[in-house]
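Thanks for coming. I have one structure to go through today, and I will put it on the screen now.

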Amino acid sequence: MTPRERMQAAMSLGTPDRVPVMCQCSIGHMLLQLEVSPADFWCDAEIYVDGLFRIRELYDFDGILVSLHGHDPSWRARIASRRITPAGEEIGWGDGSRTLFPRDELPRHFPGDRTPPSPPPRPGDEHLPPDYIPVSQGLRFMIDAGHRFDALTRSVQRSAGRYSVHGEITSPFDYVLDSGGHQAVLLALLDDPPSVHRALDQFTRRLVALARAMCRTGVDAIKISSPYAGAGFISPACYREFILPYERRIAETIRGEGVRSYLHTCGAIGDRIDMMIGTGVDGIECLDPPPLGNVDLEEALRATSGRCFIKGNVDSINTLLRGDPDEIRADVCARLRATMGTGGFILSTACSIAPHVPREHVKLLRELVETATPGQP
């Protein structure tokens with residue numbers, strides 16, 4: 001089987017020739033493996049895609065996740081200053097803002113005095129895809145509408161049908177948290193639910209448009225990133241009311257285009273796996289084991305059997321980062337034994353590979369699935 005065929009079989013709940021391996025890497029981890037400018041990697045579609053393929057080759061993954069899209073091809077024209085500091089690469093922009101690009105983590109953006117305010121929504125915007133990705137902690141990746149899917153189409157073309165290429169869409173709930181502020185929105189879940197539903201509906205309509213267009217780039221699957229939907233943030237009742245119906249609309253759109261989807265939620269999800277499957281996605285990712293979360297892989301297999309594929313669930317911190325090779329082998333082999341013969345399983349870290357995980361530790365994942373046998377991984 002080719003890597004893409006292997007992934008397709010697993011996502012179809014089948015049993016491929018071996019367990020596929022596909023991990024999401026943190027930006028920091030990729031930067032530490034690649035000899036590339038952090039600013040170039042973040043801002044330039046060609047350099048970003050080349051980096052994704054170099055990482056895939058380094059670890060021999062069966063698939064590639066394209067998390068960022070919509071790079072502005074003229075971004076260098078907006079640079080006013082550029083320098084290397086002890087904290088990382090710093091870009092000063094023409095609007096007075098600046099961005100620090102560390103070597104081992106996400107960028108940090110600092111608005112300047114001359115930075116123009118965001119324009120108010122215009123009539124009809126509610127039917128257009130969003131113009132940014134809410135990455136993390138207030139960091140936004142702005143989407144150039146004229147080049148919205150360049151990184152995805154480049155990846156699909158470069159893959160040439162050999163590897164499984166996945167896009168990514170952020171949950172409506174994340175957009176509402178980003179736009180309204182985490183504390184205010186979480187309080188509004190209890191104090192003013194109608195306002196939250198209005199905001200969720202508006203963002204969902206825009207994300208449905210994004211999903212429909214992204215499906216037509218040729219990607220094999222789309223990850224719906226929903227990190228704030230775990231038990232550490234909201235109750236099962238709130239999940240049922242504020243997450244499930246809106247993510248279902250996106251999953252239904254993706255399925256209607258003939259593309260698969262999977263849901264990425266970090267942390268403790270043991271009390272909501274059924275509801276996550278109820279969104280209509282084809283798969284679930286993360287399944288964080290203790291102490292990161294509360295998911296036991298064998299219990300998750302029983303809950304998802306015949307209903308969706310699962311992608312996980314090696315602990316990137318306590319196993320890959322802090323463990324030694326023998327501990328990593330024991331942990332990964334236990335997962336391979338648990339899933340042997342079940343079908344619908346993709347070996348992955350529970351969440352992103354942490355920045356400082358040694359590359360030799362990551363390479364063990366591919367080695368172990370290659371040598372696994374039904375009786376003794």
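How many aromatic pairs does a search of the whole structure find? The count is eight. Before I go into those, please keep in mind that this is a predicted model.

One of the aromatic pairs is Tyr59 with Phe61. The two ring centres are 5.4 Å apart and the planes make an angle of 40°, which puts the pair in the tilted class. Tyr59 and Phe61 are both buried. Elsewhere, ring pairs connect Tyr132, Tyr175 and Phe203 into a cluster.

Next, the sheets. There is an open sheet of seven strands, and its order is β1-β8-β9-β10-β11-β12-β13, with parallel pairing. At the edges are β1, residues 63-65, and β13, residues 345-349, each of which pairs on one side only. From one strand to the next, the twist averages 25°.

Within this sheet I will pick out one pair of neighbours. Strand β11, residues 283-286, runs parallel to strand β12, residues 309-314, and four bridges join the two. If you want a specific position to look at, take Glu285, whose bridge partner in β12 is Lys311.

What lies across this sheet? Helix α1, residues 3-11, lies across β8, β9, β10, β12 and β13. The helix runs at about 55° to β8, which covers residues 164-170.

Now the other sheet on my list. It is an open sheet of four strands in the order β2-β3-β4-β5, and here the pairing is antiparallel. The edge strands are β2 and β5, each pairing on one side only. On average, neighbouring strands in this sheet are turned by 15° against each other, with direction ignored.

I will go through it strand by strand. Strand β2 is residues 79-85, and it pairs with β3 in the antiparallel sense over six bridges. The two form a hairpin, with two residues between them. Arg82 has Ile91 of β3 as its bridge partner.

Strand β3 itself is residues 88-93. Is it mostly covered or mostly open? Mostly covered: six of its six residues are buried. On to the next pairing: β3 and β4 are antiparallel and share four bridges. Ile91 turns up again here, with Thr99 as its bridge partner in β4. So the chain of partners to follow on the screen is Arg82 to Ile91, and then Ile91 to Thr99.

β3 and β4 also form a hairpin, with four residues between them. Gly96 is in that turn and has a positive phi of about 95°.

That leaves β4 and β5, which pair in the antiparallel sense over three bridges. Which residue of β5 is the bridge partner of Arg98? That is Phe110. The two are also related through the side chains, as Arg98 lies over the face of Phe110 at 4.3 Å from the ring centre. There is another arginine placed over a ring: the charged end of Arg78 sits over Trp93, 4.9 Å from the centre of that ring.

Between β4 and β5 there is a loop, and I want to stop at one residue in it, Asp104. For reference, β4 is residues 98-101 and β5 is residues 108-110. Is Asp104 buried or exposed? Neither, strictly: its relative accessibility is 25%, so Asp104 counts as partly exposed. What does Asp104 touch, leaving aside neighbours within four places in sequence? Its contacts are Gly28, Leu32, Pro355 and His356. With His356 there is also a polar contact between the side chains, at 3.0 Å. Another residue to mention is His29, which is 75 residues from Asp104 in sequence but 6.4 Å away in space, C-alpha to C-alpha.

My last residue is Thr304, which is found in helix α11, residues 297-304. Why does Thr304 count as buried? Because its relative accessibility is 3%, and the cut-off for buried is under 20%. Not counting residues up to four places away in sequence, Thr304 touches Ile273, Ile277 and Ile310.

That is the end of my list. I can put any of these views back on the screen.

Conventions. Residues are numbered from 1 along each chain as its sequence is written. This is a predicted model: local features need pLDDT of at least 70, side-chain atom pairs count only at pLDDT 80 or more; totals for chains, interfaces and linings use all residues. Side-chain values use heavy atoms; hydrogens and water are left out. Buried means under 20% relative accessible area, exposed over 50%, partly exposed in between (1.4 Å probe, protein chains only). Contact means heavy atoms within 4.5 Å. A polar contact is a pair of N or O atoms within 3.5 Å; within protein, one must be able to donate a hydrogen and the other to accept it, and residues adjacent in sequence count only if both atoms are side-chain atoms. Rings of Phe, Tyr and Trp (its six-membered ring) pair if their centres lie within 6.5 Å; planes under 30 degrees apart count as stacked, over 60 as edge-to-face and the rest as tilted. A charge sits over a ring if NZ of Lys or CZ of Arg is within 6 Å of the ring centre and within 35 degrees of the ring normal. Two strands pair if DSSP finds at least two bridges between them. Axes are lines fitted to C-alpha atoms, for helices over the stretch in contact, and angles run from 0 to 180 degrees between N-to-C directions.
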